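Here's a quick briefing to read alongside the model. Have the viewer open and follow the bullets topic by topic.

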Amino acid sequence: MDDFLVIDHVSKIFGAQRAVDDVSLTVAQGEAFSLLGPSGCGKTTLLRMIAGFERPDSGRILVGGQDITALPPELRPVNTVFQNYALFPHLSVWDNIAFGLRMSRRPREEIRSGVDRMLELVRLSEHARKRPAQLSGGQRQRVAIARALVNRPQVLLLDEPLAALDLKLRQHMLMELNAIHEKVGTTFIYVTHDQGEAMSLSDRIAVMNAGKVEQVDSPEHLYETPNTSFVASFIGDANFFTGVALEVLHEGYVRVLVEGLGSPLVLSNGAVTVNEVLRLMVRPEKIILTLARPLSGESVNAFRGVVEDMAYFGSHTRYRIRAGEHRILAQMQRSRFSGGEINPARGAEVWMSFHPDEGRVVRLEGEV
Amino acid sequence: MSKESRTVGQWLLTFPSLAWLSLFFVIPALLVIITAFRPADLQGGVGPGWTLATLREVQDPVYLPILWRTLWLSGATTLVCLALALPVAFQMARVGQRMRQVLLLLIVIPFLSNFLIRIFAWKSLLHPEGPLTKLLIWLHLIPENAVLLNHVGTVLLVLVYTQLPFAILPLYAAAEKFDFGLLDAARDLGAGPWRAFSKVFVPGVRRGLISSSVMVFVCCLGQYVIPQMVGGTSDEMLGSKIAQRVFSDRNLPHASALAGGLMLAVLVPMLIVVLWQQFGRKESE
């Protein structure tokens, strides 16, 4: 079933602000899906509408074909892992996990086996009698996940699941979450502002900005072929240039005149007309630096520049290069540096080049 | 810091409140108990020497129904106050800052007028010719000849009225610290609004409930003005008797013995509850 969770033209208005503005999305059963965006982009409001804490002003939400838009949270086949976990402080770990089953008045035996199975899944069996206050952050998070999953929800919502953890624990929990998702096979919806988290947790990501969805795609596609400058800059680093289309070639290639840089050949997803003003995007690591002019075959997009600044990161080095009015960010792995014998120093003249497939035409913000 | 010096520090910190409690609570309470063992003199003071005669006097079975009435009226007042204060505290903690100030003010405003005047107001409201009685009769909620005053229910009503703010304020203080996100979590896990309230909010403000209960219950025990003014002759509380022994009979030892008995009747069950809780907690850990 490809449209298991359906968000159908959903809007939510707070005062004068359209927190969620006519959003439509579909999520497949068992998919790990992320809502990614900066704070205030509407992703949390959208999550709260799926959970039932907010009612959309217009639009519908369906789970497995059932319209749940008007249902209160307690009647939805959806459970949530809250950002601060919201564990009940007066109950033990065991009783926290049993809460949902008790609310649905399941038989005692089923509650016992369900809770024990969940404790095993999140590896907390030996902490069953402890209070939440006696647990570490990572353990609390696992209790919150177990407490939600024990109810066998059709969709599990996770609100910034890793935000409250320190860096090391976060990386560990990333893998843990992926493992749990693989084991239970439930549809997971993550809400996060952290692109790295979203990329490593999800099959697909919806990038949100100002209440709208800018692009829904797999992590690779979002990174390699962003549709908008917002997506390009929110996920990873990017160089942007503004230019005018000179000629439109076959298969989406466009030659663009960029003041001070010449006329690079780049790729466009959408239709482009000659003389249209365009915005180009090139990722820093797609730019190849050479001391000599690149050989003719690789020299389609080659420009001269001067190294202004550089920073060594171990696995790679970042360069800021000035070319006319432009400041271009380039990133190189040491071993790939052509010639290999020297690195460009501050003030050195270098050649930058990139393959036409690595330069993308992106839409400007607000044009969506 | 060594364990010893930390203990010294703790003692220093505790000293002011401990001194306050000793000076104004423990010592007076002991004085009351000591007085119960002194003979009464004819001028309304205490005479020389010691006696157990007063203790024998207060074992008069006439006091038993009065003690019982005092305890159940105080208990019922506490329960009614908590039932009314819980939803109020819940709402107060949820509304905006401005509305909260207004509600707090409304709760405190009655204190600006004198306690006795407020009881008198109830007396005239509930008087057979009073506006409340007339209104209820006009609405056919009570029969024509109903008497609202001089009834044990009236005593309960006015006790609840006077004690309600003391139940609301500690509960509100606890509710203000309550994480209302927990109610979202409860709803998310399948609890309806009422069960989220009873299973998560009520345990969450447990401390507030305990302080409210103690506050209301203890204040009720000593009441004598309310039963005297709005209750009938058979609605006396132990406080009425103590007041009578002090002011009319001028028998301080007898009044002290009654007060000491009331103290025991309250402190012993409370002590048992506290010990039981301590013991129970240790066992579960």
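Helices here are DSSP runs of H or I with at least four residues, and strands are E runs of at least two, numbered from the N terminus. With that in hand, R142(A) sits in helix α4 of chain A. Keep in mind that this is a predicted model. The notes start with that arginine, then move on to a strand residue, the salt bridges, the contact between the chains and chain B as a whole.

**R142(A) and its surroundings**

- Is R142(A) buried or exposed? Its relative accessibility is 11%, and because buried means under 20%, R142(A) counts as buried.
- Leaving out residues up to four places away in sequence, R142(A) touches V122(A), R123(A), L124(A), M173(A) and E176(A).
- One of those neighbours is met through its backbone: the side chain of R142(A) reaches the backbone oxygen of V122(A) at 3.0 Å.
- Another is met through a salt bridge, with the side chains of R142(A) and E176(A) pairing at 3.8 Å, N to O.
- R142(A) is in helix α4 of chain A while E176(A) is in helix α5 (residues 167-184), so this pair ties together parts that are 34 residues apart in sequence.
- The C-alpha atoms of R142(A) and E176(A) are separated by 9.3 Å, and both residues are buried.

**Q331(A), over in a strand**

- Strand β18 of chain A, residues 326-332, is where you'll find Q331(A).
- Q331(A) comes out at 18% relative accessibility, so it counts as buried under the 20% cut-off.
- Not counting residues up to four places away in sequence, Q331(A) touches P284(A), E285(A), I287(A), H316(A), T317(A) and R318(A).
- From that set, R318(A) also makes a polar contact with Q331(A), side chain to side chain, at 3.0 Å.

**Salt bridges**

- Why would such pairs turn up at all? Side chains of opposite charge can pair when their charged atoms come close.
- Over all chains, the count comes to 26 salt bridges.
- Within chain A, the side chains of E54(A) and R48(A) form a salt bridge at 3.4 Å, N to O.
- E54(A) is buried, with a relative accessible area of 19%, whereas R48(A) counts as partly exposed at 25%.
- Chain A also has a network of salt bridges that links E308(A), R320(A), R322(A) and R327(A).
- In chain B, E236(B) forms a salt bridge with K241(B), and their closest N and O atoms are 3.5 Å apart.
- That pair mixes environments too: E236(B) is partly exposed, with a relative accessible area of 23%, and K241(B) is buried at 12%.

**Where chain A meets chain B**

- How many residues does the contact take from each chain? It takes 24 residues from chain A and 18 residues from chain B.
- In chain A, E74(A), H90(A) and M103(A) lose the most area to chain B, together giving 37% of what that side buries.
- The area buried between the two chains is about 1,700 Å², and carbon and sulfur atoms give 59% of that.
- Two salt bridges are counted between chain A and chain B.
- R48(A) turns up again here, since its side chain meets that of D184(B) in a salt bridge at 3.4 Å, N to O.
- Six residue pairs are in polar contact between chain A and chain B, with both partners at pLDDT 80 or more.
- On the side of chain A that touches chain B, α1 (43-51), β6 (78-81), α2 (93-103) and α4 (137-149) each supply at least two residues.
- Of the elements of chain A, α2(A) gives the most to that side, with four residues.
- By class, the side of chain A that touches chain B has 13 nonpolar, six polar and five charged residues.

**Chain B as a whole**

- What secondary structure does chain B have? Chain B comes to 13 helices and zero strands.
- The C-alpha trace of chain B spans about 75 × 70 × 35 Å along its principal axes.
- Of the 285 residues of chain B, 35% count as buried.
- Taking contacts in chain B between residues at least 6 apart in sequence, 67% join residues at least 24 apart.
- Chain B has an accessible surface of about 17,300 Å², and 71% of it belongs to carbon and sulfur atoms.

How values were computed
Residues are numbered from 1 along each chain as its sequence is written. Chains are lettered from A and ligands numbered from 1 in the order in which they are written. Side-chain values use heavy atoms; hydrogens and water are left out. Contact means heavy atoms within 4.5 Å. Buried area is the accessible area (1.4 Å probe) that two parts lose on being put together, summed over both. A salt bridge is a side-chain nitrogen of Lys or Arg within 4 Å of a carboxyl oxygen of Asp or Glu. A polar contact is a pair of N or O atoms within 3.5 Å; within protein, one must be able to donate a hydrogen and the other to accept it, and residues adjacent in sequence count only if both atoms are side-chain atoms. Ala, Val, Leu, Ile, Met, Phe, Trp, Tyr, Cys and Pro count as nonpolar, Asp, Glu, Lys and Arg as charged, and the others, Gly among them, as polar. Buried means under 20% relative accessible area, exposed over 50%, partly exposed in between (1.4 Å probe, protein chains only). Accessible areas come from the Shrake-Rupley method with a 1.4 Å probe; for residues, only the protein chains shown count as cover.
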